[in-house]
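Student: I'm new to this one, so please take me on a close look at how its helices pack against each other. I'd like the surroundings too, if they help me find my way.

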Amino acid sequence: MQIGKICLRHGLILAPMAGYTDHATRAVSHACGAEYTVTEMVSAKAICYGDRKTPVLARIFPEDGPCAVQIFGSDPEYMAEAAVRLSEGMAGGEKPAAVDINAGCPVPKVTGNQEGSALMRAPGQLYRIVQAICTRIKIPVTVKIRAGWDDAHRNAPEVARAAEAGGASAVAVHGRTRDAMYAGHADWAIIGAVKKAVSIPVIGNGDVTDVASALLLLRESGADGIMIGRGALGNPYIFREIGAALEGRPVVPATPEELYSMACRQLMLRAAEKGEASAVRESRKLLAWYLRGFPTASAARARIYAAESLSEMQAALAVLLQKDAWKDAAPRAF
Ligand SMILES: Cc1cc2nc3c(=O)[nH]c(=O)nc-3n(C[C@H](O)[C@H](O)[C@H](O)COP(=O)(O)O)c2cc1C
């Protein structure tokens, strides 16, 4: 599939996740086969008002691979102005591959300002936002939407058509409504309905946790690509596994050594970008995902949360290298 001129062989994309998909997470995901990544969402108004912390969230490094910057907001003028500034690269970082519009965030603080998934209730406004941005920047503009606002309004196809009419180059669909938040199962059929409604590439998202669910999403929806969020946390190799399956090659799960070394790499990349204290603090919840499914996870997780330095964090992660820790490990899925 293509996003503008960017060609993605399998359309394997790391989903944006606020508080999780910083440079370190994006870089290890790309190293493990994610063909495209997205920053955490940043506020268009914060960019326009010159907030000091926000540009760092949108800073992109070459190791992130092709990386889109995601913005949220509701005012076409602010969104377009923020997109112009972001398209030049932030905080000394690379220029983004695309600007992605958040039309999926369910948090009341965001939807209360008619931003995020509130745009699912205002396709006309989304159209104006996409159009305003497209007239100001040359890189592709994409939109990430949900199935709808609630079960009575599952209007993703209509919203995707509005995005396409405004000039969007691709649309990603999380198959849950705003009301569902993250509960229940994502509806991949609505992704299929969007695919039938538009001619731009459609990226399916929601509940892909392994090769089997990735292939099922593609079969049930006909999507052009797959966006993976939580399933990639603690297992960035999910992208390599899905890529192998799509190429008809054997799927080789990550070894304990590979997982350990990727977890450590993530930690070190974060430290290089943000310094040791921030890296240790921010890595606690992130690295705990690597221990998912382990019988000894709770003790190791406690060590991760207690770690005060990079070396203590690495020592806690070393449980991944203990052969007997894997003996009774549960399958690495949710
Ligand atoms: C902690 C967390 C933070 C998220 N932050 C964002 C965000 O900043 N922008 C966005 O579009 N979606 C965000 N999402 C939604 C994910 O991109 C994705 O749509 C959702 O998790 C479903 O995909 P998954 O089942 O593969 O995780 C977030 C999800 C989680 C769990």
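Tutor: Here is a walk from the domains to the helix pairs, with a short stop at the ligand.

First, some ground rules. This is a predicted model, where local features need pLDDT of at least 70, side-chain atom pairs count only at pLDDT 80 or more, and totals for chains, interfaces and linings use all residues. Residues are numbered from 1 along each chain as its sequence is written.

The domain assignment gives domain 1 (2-246) and domain 2 (256-327); such bounds come from an automatic or database domain assignment. Their centres, taken over C-alpha atoms, are 28 Å apart. Across the divide, 12 residues of domain 1 are in contact with 11 residues of domain 2. Contact here puts two C-beta atoms, placed from the backbone, within 7 Å.

Now the helices, which are DSSP runs (H or I, at least four residues) numbered from the N terminus. Their axes are lines fitted to C-alpha atoms over the stretch in contact, and angles run from 0 to 180 degrees between N-to-C directions.

Start with helix α11 (residues 256-274), which packs on α12 at about 145°, the axes being 8 Å apart. Their crossing is right-handed, meaning that the near helix is turned clockwise from the far one by less than a right angle (anticlockwise would be left-handed). On the α11 side, the contact includes A263, L267 and R270, while E276, S278 and L287 are among the α12 residues. By class, this contact has 5 nonpolar, 2 polar and 4 charged residues. For the classes, Ala, Val, Leu, Ile, Met, Phe, Trp, Tyr, Cys and Pro count as nonpolar, Asp, Glu, Lys and Arg as charged, and the others, Gly among them, as polar.

Move along to α12 (residues 276-288) and α13 (residues 297-306): they pack at about 165°, with axes 8 Å apart. That makes the pair roughly antiparallel, since angles over 145 degrees get that label, under 35 is roughly parallel, 65 to 115 roughly perpendicular and the rest oblique. This crossing is right-handed. R284, L287 and A288 of α12 meet R301, I304 and Y305 of α13, a set with 4 nonpolar, no polar and 2 charged residues.

Finally, look at α9 (residues 211-221) and α10 (residues 238-246), packed at about 55° with axes 9 Å apart. α9 and α10 are therefore oblique to each other, and they cross in a right-handed way. V211, A214 and L215 in α9 touch E241, I242 and A245 in α10, giving 5 nonpolar, no polar and 1 charged residues.

As for the ligand, 22 residues surround it, with A15, M17, M41, G229 and R230 the closest; a residue is near if its C-beta atom, placed from the backbone, lies within 6 Å.

Methods: Helix = DSSP H or I, 4+ residues; strand = E, 2+ residues; numbered from the N terminus.
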